Amino acid sequence: MTDPFDTVHLRYMVDDVQAAVDWYVGNFGFSVILSSPAFGSVERGHLRLLLSGKGSSAGRPMPDGRKPEPGGWNRFQFIVEDIAAEVERLRAHGVTFRNEIITGPGGSQIVADDPSGNAVELFQPVR
């Protein structure tokens with residue numbers, strides 16, 4: 001486990017904590033820190049994902065009644081050497097993507113959905 005003060009912590013709301021833990025461990029090589037029905041924590045390098053279900057404290061409604069929920073477009077990015085090969089590998093594991101690989105001036109990218117619909121970007125920079 002890395003030093004928590006030297007780690008980026010990112011919270012995602014998820015529909016099914018165990019499915020999210022399994023997805024990040026199985027597809028991207030995260031290690032499990034904690035997994036319970038309400039909350040999971042996985043880590044890879046200096047990134048710790050906090051996977052909060054509806055039963056977690058982060059899943060409680062806000063004072064104005066809004067409820068935290070998964071999805072949206074905020075995301076973290078994996079830098080990859082060969083985006084086409086990585087997409088092929090992930091598709092073979094059943095990972096779904098929001099788009100096809102697109103290329104711009106900085107490189108190529110594609111956005112995957114975790115089991116709850118949270119975005120994860122794969123990016124291959126221009127060399």
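A residue is called buried when its relative accessible area is under 20%, exposed when that area is over 50%, and partly exposed in between. The structure described here is a predicted model, and by this scale Arg75 is partly exposed, because its relative accessible area is 34%. Glu121, in contrast, has a relative accessible area of 6% and is therefore buried. These two residues are joined in a salt bridge, in which the closest N and O atoms are 2.7 Å apart. Since Arg75 belongs to strand β5 (residues 75-79) and Glu121 to strand β9 (residues 119-125), the pair ties together parts of the chain that are 46 residues apart in sequence.

The strands that carry this pair are also joined through their backbones, for β5 and β9 run parallel and are connected by five bridges. Within this pairing, Phe78 has Leu122 of β9 as its bridge partner. On the antiparallel side of the description, β9 pairs with β8 over seven bridges, and Gln109 stands opposite Phe123 of β9. Strands β8 and β9 form a hairpin with five residues between them, and Gly117, in the turn, has a positive phi of about 90°. Of the seven residues of β9, five are buried, so this strand is largely enclosed by the rest of the structure.

The loop between β8 and β9 also contains Asp114, which counts as buried because its relative accessibility is 4%. When neighbours within four places in sequence are left aside, Asp114 is in contact with Tyr12, Val14, Trp23 and Tyr24. Two of these contacts, Trp23 and Tyr24, are listed among the buried residues of helix α1. The C-alpha atom of Asp114 is separated by 19 Å from that of Ala84, a residue 30 places away along the chain.

Salt bridges were sought throughout the structure, and eight were found. In general terms, side chains of opposite charge can pair when their charged atoms come close. One such pair consists of Asp113 and Arg98, whose side chains meet with an N to O distance of 2.6 Å. This pair links distant parts of the chain, as Asp113 lies in strand β8 (residues 107-113) and Arg98 in the loop between β6 (96-97) and β7 (102-104), with their positions 15 residues apart in sequence. Arg98 counts as partly exposed, because its relative accessibility is 26%.

Another salt bridge is found between the side chains of Glu86 and Arg89, with an N to O distance of 2.6 Å. Both residues lie in helix α2 (residues 83-92), where they are three residues apart, or about one turn of the helix. Glu86 has a relative accessibility of 19% and so counts as buried, whereas Arg89, at 31%, counts as partly exposed.

The buried residues of α2 are Ile83, Glu86, Val87 and Leu90. Viewed down the axis of α2, these residues fall within an arc of 100°, and they therefore line one face of the helix. They pack against α1, β6, β8 and β9, while the face turned away from the buried side carries the exposed residues Glu88 and Ala92.

A further part of the structure is an open sheet of four strands, with the order β1-β4-β3-β2 and mixed pairing. The edges of this sheet are formed by β1 (8-13) and β2 (31-35), each of which pairs on one side only. From one strand to the next, the twist averages 20°. Strand β2 runs antiparallel to strand β3 (residues 39-44), to which four bridges join it, and Ser31 has Glu43 of β3 as its bridge partner. Helix α1 (residues 17-28) packs on the sheet and touches β1, β2, β3 and β4 (47-52), its direction making about 10° with that of β3.

The 12 residues of α1 should span 16 Å at 1.5 Å a residue, and this agrees with the helix as modelled, because its end C-alpha atoms are 16 Å apart. Val17, Ala20, Val21, Trp23, Tyr24, Asn27 and Phe28 are buried in α1. Seen down the axis of α1, these buried residues fall within an arc of 165°, so they line one face of the helix.

Methods
Residues numbered from 1 in each chain as written. Predicted model: local features only at pLDDT ≥ 70, side-chain atom pairs only at ≥ 80, totals over all residues. Heavy atoms only, no water. Salt bridge = Lys/Arg side-chain N within 4 Å of Asp/Glu carboxyl O. Helix = DSSP H or I, 4+ residues; strand = E, 2+ residues; numbered from the N terminus. Buried < 20%, exposed > 50% of the residue type's maximum accessible area, 1.4 Å probe, protein only. Pairing = 2+ DSSP bridges. Axes fitted to C-alpha atoms, helices over the stretch in contact; angles between N-to-C directions. Contact = heavy atoms within 4.5 Å. Expected span 1.5 Å × (residues − 1). Arc of directions from axis to C-beta.
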